[in-house]
Structure formats: structure tokens, C-alpha cells
Amino acid sequence: MARQGIDPLDGRMLRLLREHPREGLLEIARRIGVARGTLQARLDRLTGLGVVTGYGPDVDVAALGHVVEAFTTFEVHQSAREAIAARLRAVPQILEAHIVTGPGDIWCRIAGTSNQHVQQVIDQVLEVPGVRRSTTVIALSAVIPYRVQPLVDEVAGPPGHRGAHRG
């Protein structure tokens, strides 16, 4: 996907929306110093471009009782990838899955209530036709949790600088 141009005002808007997700657009516009209509137009443009992809609350899976996070790579028969991906989507404990390069084929992030629960999820996937083997590591702690704002800031450019899109 081509990089979408955003400017420092877009970056500030996205930061405030992430930091204060329950605050209304009028208040966010006031904080930034633009009209509500301007903010709405920018948000609509970024949503239309696919830069903004959602508005839901962030959920802490550990608070839901899934305190173990594992990263598992599955080696699969290439011809079965689509069928395997469909089966992976049906497993609620698989938070994300990616086709990757390197020694494995599909990388999954798994949430479990215990190490044994994670093992049950892995065993369930290993029963899927076309899945050959798995390799798993258990996360001990998150040094940097999932984040996007530093990247948004880099792409948007420094505050006060318009048109920071770099080719």
C-alpha cells in the first residue's frame, strides 16, 4: 500500500483521538485550535484513505483472564494456506495471524488463560489438515506494547511544519 500523506495537524488530531477516545470531536477541535468541521473533514479523509481503520475501545486481554501471551509459528503445506487461515479465524484466542517469510509459514499471536490453555489452542491448530508443526515462545512482558503514534508522528512531521510528506 502506498504511504498516505498526513501533515502535523493530522498527527496532532490522531494523537488526541487516541489519548482521549471518549472526548467529543468539538473538544478535540478546540484543543487543536480548528473548527469542528475542519476536524471532521480531516478525519473523514483519513478514514476514506484507510489510514484510520477503527474507533473501538482498546481491550486488555489479560483483564479478560487471558494472562499468557504466546507467539507461535506454524509450518504448513502452501496449497492449504487459505483453508488454514479460515480455520485460524474461527479460534478466538488467536489475536492475529500473518503469513511470514523465513523458517515458518504462519505467525500467530495467541492469548491463553494458562500455559496449558495455550497448548490446547496450539494442539487444536495442529489438527487442521495441512499444518505440519509449530514453534512457540511465551512472552514474559511487553517492553513496547503495540503502538502506532510514534510512526504517525514521524510521517506527519514536526508540529508547526505543514506538508511533511516525504517521498
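**Notebook: a predicted chain**

Entry 1, surface. I looked up the accessible surface of the chain and found about 10,700 Å², of which 55% belongs to carbon and sulfur atoms. I note at the outset that this is a predicted model. I then asked what share of the 167 residues counts as buried. The value is 31%.

Entry 2, fold elements. I recorded six helices and four strands in the chain. Their order along the sequence reads α-α-α-β-α-β-β-α-β-α. I next compared the radius of gyration with the globule rule: the chain has 20 Å, well over the 15 Å that the rule gives for 167 residues, so the chain is more spread out than a compact globule. I also took the box filled by the C-alpha atoms along the principal axes, which is roughly 55 × 35 × 25 Å.

Entry 3, contacts and charges. I considered contacts between residues at least 6 apart in sequence, and 67% of these join residues at least 24 apart. For the charges, I noted 19 positive and 17 negative ones in the chain. The mean positions of these two groups are 6 Å apart.

Entry 4, aromatic rings. I searched for aromatic pairs and recorded one in the structure. How are the rings of F71 and W107 arranged? Their centres are 5.4 Å apart and their planes stand at 20°; planes under 30 degrees apart count as stacked, so this pair is stacked. I then located both partners: F71 lies in strand 1 (residues 68-76) and W107 in strand 3 (residues 106-112). The two residues are 36 residues apart, and I therefore noted that the pair links distant parts of the chain. I checked the accessibility of each partner as well. F71 has 24% relative accessibility and counts as partly exposed. W107, at 25%, also counts as partly exposed.

Entry 5, L46. I turned to L46, which I found in helix 3 (residues 36-48). Is L46 buried or exposed? Its relative accessibility is 0%; since buried means under 20%, L46 counts as buried. I then listed the contacts of L46, leaving aside its neighbours within four places in sequence: I6, D10, M13, L14, V51 and V52. For one of these residues, L14, I looked up the separation of the C-alpha atoms from that of L46. The separation is 9.8 Å, while the two residues lie 32 residues apart along the chain.

Key:
Residues numbered from 1 in each chain as written. Predicted model: local features only at pLDDT ≥ 70, side-chain atom pairs only at ≥ 80, totals over all residues. Heavy atoms only, no water. Rg over C-alpha atoms; globule rule 2.2 N^0.38 Å. Buried < 20%, exposed > 50% of the residue type's maximum accessible area, 1.4 Å probe, protein only. Contact = heavy atoms within 4.5 Å. Areas by Shrake-Rupley, 256 points an atom, 1.4 Å probe, with all protein chains shown as cover. Lys, Arg positive; Asp, Glu negative; His and termini not counted. Charge placed at Lys NZ, Arg CZ, Asp CG, Glu CD. Phe/Tyr/Trp six-rings, centres within 6.5 Å; stacked < 30°, edge-to-face > 60°.
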